[in-house]
Amino acid sequence: MITALVPGSFDPPTNGHVDVISRCASIFDRVVVAVVANPSKQPMFTIEERSALLEASCPWDNVEVAGFDGLLVDFAAAVGASVVVKGLRAMTDFDYEIQLSQMNRHLSGIVTMFVATKPEWGYISSSLVKEVSALGGSVDELVPAVVAQALAERNQA
Ligand code: PNS
């Protein structure tokens, strides 16, 4: 049985994230979506909120959502994951992701695989979604409905 880890900040989850997770669900036996508790940037949503949004957006039976703190490679070992999967939008993602993947390989030997984001989601990022939503633009076509609702509520608060 192969368990894949799909890690990220998911602040908030976008259609691009969900697309990558859905394709992992159809390839791997078990998928653990790993939500980092303390991302480098101060998150808009708490770890509990980001995890709940992902759970509501990922209905596949072989997908589970879990929060983690500390090194990704340690969390991968704890859940029995043998592969890390990340989505790639553009070369700018590649420059960053190749560095992370090589560091993780150095630390534990774990394999990282990259999934090319669907072209229709190639321009979406969590940061841009938050900015557009905060300025009154519609993000309904860019994120799951539960996320659009959560953003609208956060921006009204
Ligand atoms: O959504 P992001 O910001 O691309 O996710 C980055 C993430 C969470 C995958 C990365 O920052 C990470 O793995 N953090 C955990 C701490 C860690 O293991 N750092 C060393 C990575 S080489």
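A trainee and a mentor go through the structure above, from model terms to helices, cores and the pocket.

This is a predicted model: local features need pLDDT of at least 70, side-chain atom pairs count only at pLDDT 80 or more, and totals for chains, interfaces and linings use all residues. Residues are numbered from 1 along each chain as its sequence is written, and side-chain values use heavy atoms, with hydrogens and water left out.

Trainee: How far apart are the end C-alpha atoms of helix α6?

Mentor: Helices here are DSSP runs of H or I with at least four residues, strands are runs of E with at least two, and both are numbered from the N terminus. The expected span of a helix is 1.5 Å times one less than its number of residues. For the 12 residues of α6 (residues 145–156) that gives 16 Å, which agrees with the end C-alpha separation of 17 Å.

Trainee: Which residues of α6 are exposed on the other side from its buried ones?

Mentor: Buried means under 20% relative accessible area, exposed over 50%, and partly exposed in between, with a 1.4 Å probe and protein chains only. In α6, Val-147, Ala-148, Ala-150 and Leu-151 are buried. They cover an arc of only 165° around the axis (taken from the directions from the helix axis to the C-beta atoms), so they sit on the same side of α6. On the other side, the exposed residues are Ala-145 and Gln-156.

Trainee: Which element supplies the largest share of the largest nonpolar core?

Mentor: A nonpolar core is a set of buried Ala, Val, Leu, Ile, Met, Phe, Trp, Tyr and Cys residues joined through side-chain atoms within 4.5 Å. This core has 18 residues, and Val-33, Leu-54 and Val-85 touch the most other members. At least two residues each come from β1 (3–8), α1 (15–27), β2 (30–36), β3 (63–68) and β4 (83–88). The largest share, 4 residues, comes from α1.

Trainee: Which elements do the buried residues of α1 pack against?

Mentor: The buried residues of α1 include Val-18, Val-20, Ile-21 and Cys-24. Contact means heavy atoms within 4.5 Å. The buried residues of α1 pack against β1, β2, α2, β3, β4 and β5 (111–116).

Trainee: Is Phe-10 buried or exposed?

Mentor: Phe-10 lies in the loop between β1 and α1. Its phi is near 50°, a positive value in a residue other than glycine. Among the residues in contact with Val-33 is Phe-10. At 3% relative accessibility, Phe-10 counts as buried.

Trainee: Which peptide bond is cis, with omega near 0°?

Mentor: Look at Pro-12, which lies in the loop between β1 and α1. The cis bond runs from Asp-11 to Pro-12.

Trainee: Which element gives the most to the lining of the largest pocket?

Mentor: On a 1 Å grid over the protein atoms alone, a pocket is an open set of points where a 1.4 Å probe fits, with protein on both sides within 12 Å along at least five of seven lines; lining residues have an atom within 4 Å of a point. About 1,300 Å³ of space lies in the largest pocket, a volume being the space filled by probe spheres set on points joined across faces, edges and corners. Of the 42 lining residues, the closest to its centre are Gly-8, Ser-9, Lys-86, Tyr-96 and Glu-97. The most, 9 residues, comes from α4.

Conventions. Lists of a residue's contacts leave out its neighbours within four places in sequence.
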